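Trainee: I would like to get to know this structure. Could you take me through it one question at a time?

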Amino acid sequence: MSDLPFGFSPQDPDDRNRKPGDQGENPFDFNQLGAMLSQLGAMFSNAGTSSGPVNYDLAKQIALQQLAGTGGSGLGFSPDQNSAVTDAVHLAEMWLDPATALPAGSRTTQSWTAREWVERTLPTWQRLCDPVARRVSGAWVEAMPAEAKEAAGPLLSMLGQMGGMAFGSQLGGALAQLGSEVLTSTEVGLPLGPEGTAALLPANIEKFTEGLERPASEVLVFLAAREAAHQRLFSHVPWLRQRLLDTVEEFARGITVDTSALEQLAGQIDPANPASIEEAMKSGMLEPQTTPEQKAALTRLETLLALVEGWVDVVVNEAVGERLPGAEALRETLRRRRASGGPAEQTFATLVGLELRPRRHRSAAALWKLLGDQHGIEQRDSVWDHPDLVPTAEDLDDPMEFAERFGQTRKALEDPMAELERTLREKDEPEKDGE
């Protein structure tokens, strides 16, 4: 199967000695290329000045345009949304204090519109999307034969811009949909907003509250507790934020592209219609192939997201469970909401291969609850002290075994001499039994 990119065809061996100026011998129609480049000019001129594997100017432009006019009217819980959000977070922090050993992590509290969510979280989305998009873009070029690269000339740069626009277009649509749905800055399990900022989206919370048959103020405080708990974790576990991003980059390093799809892509492109190029790029034909190494990285990412969500679930339940009558119903509603996902999360899964839903949320919550019951709150939260202590996917299969092993590990750290003596005694006992 040919590895040549779109616009190229295999060269006739008998044509190799012909001069470049001879008619019909060039495998690429440069007149067609010139027409394509000139017609693409208008499209690129309206796409902003963003450079790199993703056109973030276009992504932001599309997201804000789609969100224009949204934002909700009345808030349902207070005439002053900023005051309502601030008060809810303050109350939640007081309730969380005895439920976790991690101190408050929010230095500021804000209420965001959907458009503000897009603007404030875009830098983090850039860190998440760039590694994958850059590797995909590089894979296209790497797959080209040397003679194809030389003949393509400016087309290579144009291909990169088209790829950046295609990624940007998809990202913009997904950001718009997520921005109209998310309730807090950390709802997707990632630290998307500025560090130390607890943010809630009152208009989205109002829509979420409709049909729940719970007071709007109760829903707001419950969501504020979840946001505050996330902020405690991300602020006081210094390795966590970087570990999440590193796992995405590890996934990106293994990306490969099926270059045979380039041939199919050629059949969908009309040089006279620049929009057909963008549509073809967005079709998913050049979606990267998942390798075993990438699947392992994704498993680690999903496990870490599940552990974050499970910890927040347990801590918030202990903090507000007896204080808010509808806490358990709200807890289950959010669990189902995360488990079912939505079109926006599916778009991100297609775009960068990321599954934002923590599939093992319940298993992780059960593990954290068991640790707290057996070893206490401080010991439970000390699991976050070092990444080597954090449970693995296998530990979620057997939380009892992990809890027992964790207890032994903590004893060894607290009194290494006593642990050494115990180990020596266990070693001597089999020898005596064999005498």
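Mentor: Gladly, and let us begin in a loop. Glu187 is found in the loop between α6 and β2 (197–200). Keep in mind that this is a predicted model.

Trainee: Is Glu187 buried or exposed?

Mentor: Buried means under 20% relative accessible area. Glu187 has 13% relative accessibility, so this residue counts as buried.

Trainee: Which residue does the side chain of Glu187 make a polar contact with?

Mentor: Start with what surrounds Glu187: leaving out residues up to four places away in sequence, Glu187 touches Glu181, Val182, Glu309, Arg337 and Arg338. Side chain to side chain, Glu187 has a polar contact of 2.5 Å, and the partner is Arg337.

Trainee: Let me step back. How many helices and strands does the protein have?

Mentor: The protein has 435 residues, and 49% of them count as buried. Its secondary structure comes to 19 helices and two strands.

Trainee: What is the average pLDDT of the protein?

Mentor: Some stretches score low: pLDDT stays under 50 over residues 1–30, and again over residues 33–47. In the protein, 61% of the residues score at least 70. The average pLDDT is 76.

Trainee: What share of the contacts with a separation of 6 or more is between residues 24 or more positions apart?

Mentor: One pair shows how places well separated in sequence can meet: Ser169 and Ala59 are 110 residues apart along the chain, with 5.5 Å between their C-alpha atoms. For the protein, counting contacts with a separation of 6 or more, the share from residues 24 or more positions apart is 81%.

Trainee: Where is Ser169, and is Ser169 buried or exposed?

Mentor: Ser169 lies in helix α6 (residues 154–179). Its relative accessible area is 11%, under the 20% cut-off, so Ser169 is buried.

Trainee: Ala59 came up a moment ago. Which residues of α2 are buried?

Mentor: Helix α2 covers residues 56–67, and its 12 residues reach 16 Å from first C-alpha to last, close to the 16 Å expected. The buried residues of α2 are Tyr56, Leu58, Ala59, Ile62, Ala63, Leu64 and Leu67.

Trainee: Which residue caps the N-terminal end of α2?

Mentor: Look for a side-chain oxygen placed 3.3 Å from the backbone nitrogen of Asp57. The residue that supplies this oxygen, and so caps the N-terminal end of α2 under the 3.5 Å cut-off for a polar contact, is Asn55.

Trainee: Which residue's side chain is joined to that of Asp130 by a polar contact?

Mentor: Asp130 lies in helix α4 (residues 114–142), and at 12% relative accessibility Asp130 counts as buried. Leaving aside neighbours within four places in sequence, Asp130 is in contact with Pro53, Val54 and Tyr56. The polar contact between side chains is 2.8 Å and joins Asp130 to Tyr56.

Trainee: Which helix gives the largest share of the largest nonpolar core?

Mentor: That core has 92 residues, and those touching the most other members are Trp117, Phe222, Leu223, Leu240, Trp311, Val320 and Trp384. The largest share of this core is 15 residues, and they come from α12.

Trainee: Ala306 is found in helix α12. How far apart in space are Ala306 and Arg359, C-alpha to C-alpha?

Mentor: Helix α12 spans residues 292–320, and Ala306 is buried there, with a relative accessible area of 0%. Ala306 and Arg359 are 53 residues apart in sequence, while in space their C-alpha atoms are apart by 6.8 Å.

Trainee: How many residues of α8 are buried?

Mentor: Helix α8 (residues 216–236) should span 30 Å at 1.5 Å a residue, and its end C-alpha atoms are 30 Å apart, which agrees. α8 is mostly covered, and of its 21 residues the number buried is 18.

Trainee: One last place: Glu213, in the loop between α7 (202–209) and α8. What value is its phi near?

Mentor: Glu213 is exposed, with a relative accessible area of 73%. Most residues other than glycine have a negative phi. Glu213 has a positive one, near 60°.

Notes
Residues numbered from 1 in each chain as written. Predicted model: local features only at pLDDT ≥ 70, side-chain atom pairs only at ≥ 80, totals over all residues. Heavy atoms only, no water. Helix = DSSP H or I, 4+ residues; strand = E, 2+ residues; numbered from the N terminus. Buried < 20%, exposed > 50% of the residue type's maximum accessible area, 1.4 Å probe, protein only. Contact = heavy atoms within 4.5 Å. Core = buried A, V, L, I, M, F, W, Y, C linked by side-chain atoms within 4.5 Å. Expected span 1.5 Å × (residues − 1). Polar contact = N/O pair within 3.5 Å; in protein donor to acceptor, adjacent residues only side chain to side chain. pLDDT = per-residue confidence, 0-100.
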